[in-house]
Amino acid sequence: VMDQERRVWDETQLRKYDISLKSVPKYKVSDPKVEELIAARKPVIIVDSDLVAPSTKWDLNYLQEHMGSTNCTVISSKNHKFKYYDEKAISPAIKAKFTPPTKKVSMKMAEFAKRLREWKKGNDKLYLQQTLNDTVGPSIVRDFLGFKWDWINGIQKKMNWGPLTSNLLLIGMEGNVTPCHYDEQENLFAQVRGYKRIILFPPEQFDCLYPHPVFHPHDRQSQIDFDEPDFVKFPKFSEAKGEEAIVGPGEVLYIPVYWWHHVESLLRGGYTVSVNFWYKVGPTGHITYPLKGYQKVAIMRNIEKMLVEALKDTEEVGPLLRAIVLGRYTE
């Protein structure tokens with residue numbers, strides 16, 4: 001496994017967490033291990049794929065010049081954390097108790113670039129998260145069409161993934177953190193500029209990571225604050241065992257469906273640019289037993305959804321689940 005190349009970052013740029021970690025394996029794109037790991041739904045760092053080669057020139061100046069007038073989705077936060085929430089899930093019942101941790105604003109790329117350059121301590125932190133579509137201008141579209149589609153389409157075919165659903169352009173400020181969550185899609189995450197650290201946990205560790213209820217705006221997000229974990233409320237978090245990937249320009253990380261991931265732009269590392277490729281999960285095919293971790297997560301999600309559907313009141317879900325489990329399935 002390659003780890004010989006000179007590092008352009010050091011340990012002091014990583015946030016400190018009390019989590020047991022091992023390294024995600026790293027292989028050249030030509031190594032058969034890459035497809036073996038992807039087929040096994042295990043994370044892997046892929047080197048030399050040239051997947052997003054034309055984007056190596058995507059620094060702030062280039063993006064401002066070529067998509068300066070594109071309206072982009074920018075998230076702003078009072079601190080370094082950008083915990084995702086679904087606005088559509090904020091029902092009247094939940095609204096009373098839910099405070100959105102971040103704000104979503106629409107901003108032209110030129111304005112975003114200006115704010116990054118002029119940013120000073122005390123200002124809100126910003127994170128641009130823009131879907132790459134026809135509005136981004138001809139130069140960016142040209143670069144996009146120059147991505148290694150033959151390689152990634154080949155992976156998609158061999159792995160029997162569903163269609164590509166979106167490409168997200170992510171521009172984060174140094175130190176920005178996307179807290180621990182999982183996605184219901186396969187993700188090839190390409191790093192363009194700067195370094196990101198991703199801490200991953202397998203779906204089997206669901207019970208160590210305490211996701212919010214499915215109907216909550218923070219569905220799929222862990223309730224645990226990694227900066228100050230509450231071990232009284234979330235005791236099993238002390239048993240979580242993670243895999244750590246530090247990805248730099250030109251590297252691609254495969255984040256398997258339902259794998260938990262916490263993402264940080266390194267401290268004092270400058271702004272980061274990443275592009276991800278999200279694919280729907282393919283057809284289920286032949287099911288073998290015992291079920292895999294991610295299949296059990298899907299079952300748990302469905303049970304929660306079914307209860308909301310049947311009871312019509314999210315407030316009643318907890319009491320019913322507790323009545324089912326406590327003293328009956330607690331042995």
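A salt bridge is a side-chain nitrogen of Lys or Arg within 4 Å of a carboxyl oxygen of Asp or Glu. The exercises below use this term on a predicted model.

**Exercise 1. Into which domains is the protein chain divided, and how far apart do their C-alpha centres lie?**

Solution.
- Step 1: Read off the division. Domain 1 covers 11-280 and domain 2 covers 293-325.
- Step 2: Take the distance between the C-alpha centres of domain 1 and domain 2, which is 28 Å.
- Step 3: Look at the residues in contact. Domain 1 contributes 13 residues and domain 2 contributes 12 residues.

**Exercise 2. How much area do domain 1 and domain 2 bury between them, and which three residues of domain 1 supply more than any other three?**

Solution.
- Step 1: Choose a quantity. The size of an interface is often given as the accessible area lost when the parts come together.
- Step 2: Apply it here. Domain 1 and domain 2 bury about 1200 Å² between them, and 64% of this area is on carbon and sulfur atoms.
- Step 3: Find the main contributors on the side of domain 1. Val214, Phe215 and Tyr258 supply 43% of the area that domain 1 buries against domain 2, more than any other three residues.

**Exercise 3. How many salt bridges and how many residue pairs in polar contact are counted between domain 1 and domain 2?**

Solution.
- Step 1: Count the salt bridges between domain 1 and domain 2; there are 3.
- Step 2: Test a pair, Arg301 and Asp219. Their closest N and O atoms are 2.8 Å apart. The cut-off is 4 Å, and the pair forms a salt bridge.
- Step 3: Count the residue pairs in polar contact between the two domains, with both residues at pLDDT 80 or more; there are 7.
- Step 4: Sort the residues on the side of domain 1 that touches domain 2. They comprise 7 nonpolar, 6 charged and no polar residues.

**Exercise 4. Where in the chain is the cis peptide bond between Tyr289 and Pro290, and where do Arg41 and Asn160 lie?**

Solution.
- Step 1: Check omega for the bond joining Tyr289 and Pro290. The value is about 0°, and the bond is cis. Pro290 sits in the loop between strand 14 (272-279) and helix 8 (293-311).
- Step 2: Turn to Arg41, which is not a glycine but has a positive phi of about 55°. This residue is in the loop between helix 1 (32-39) and strand 3 (44-47).
- Step 3: Do likewise for Asn160, a non-glycine residue with a positive phi of about 60°. Asn160 belongs to the loop between helix 6 (149-158) and strand 7 (164-172).

**Exercise 5. Why does Asn160 count as partly exposed?**

Solution.
- Step 1: Recall the limits. Buried means under 20% relative accessible area and exposed means over 50%, with partly exposed in between.
- Step 2: Compare. Asn160 counts as partly exposed because its relative accessibility is 45%.

Note on methods:
Residues are numbered from 1 along each chain as its sequence is written. This is a predicted model: local features need pLDDT of at least 70, side-chain atom pairs count only at pLDDT 80 or more; totals for chains, interfaces and linings use all residues. Side-chain values use heavy atoms; hydrogens and water are left out. Domain bounds come from an automatic or database domain assignment. Contact means heavy atoms within 4.5 Å. Buried area is the accessible area (1.4 Å probe) that two parts lose on being put together, summed over both. Ala, Val, Leu, Ile, Met, Phe, Trp, Tyr, Cys and Pro count as nonpolar, Asp, Glu, Lys and Arg as charged, and the others, Gly among them, as polar. Helices (H or I, at least four residues) and strands (E, at least two) are DSSP runs, numbered from the N terminus. Buried means under 20% relative accessible area, exposed over 50%, partly exposed in between (1.4 Å probe, protein chains only).
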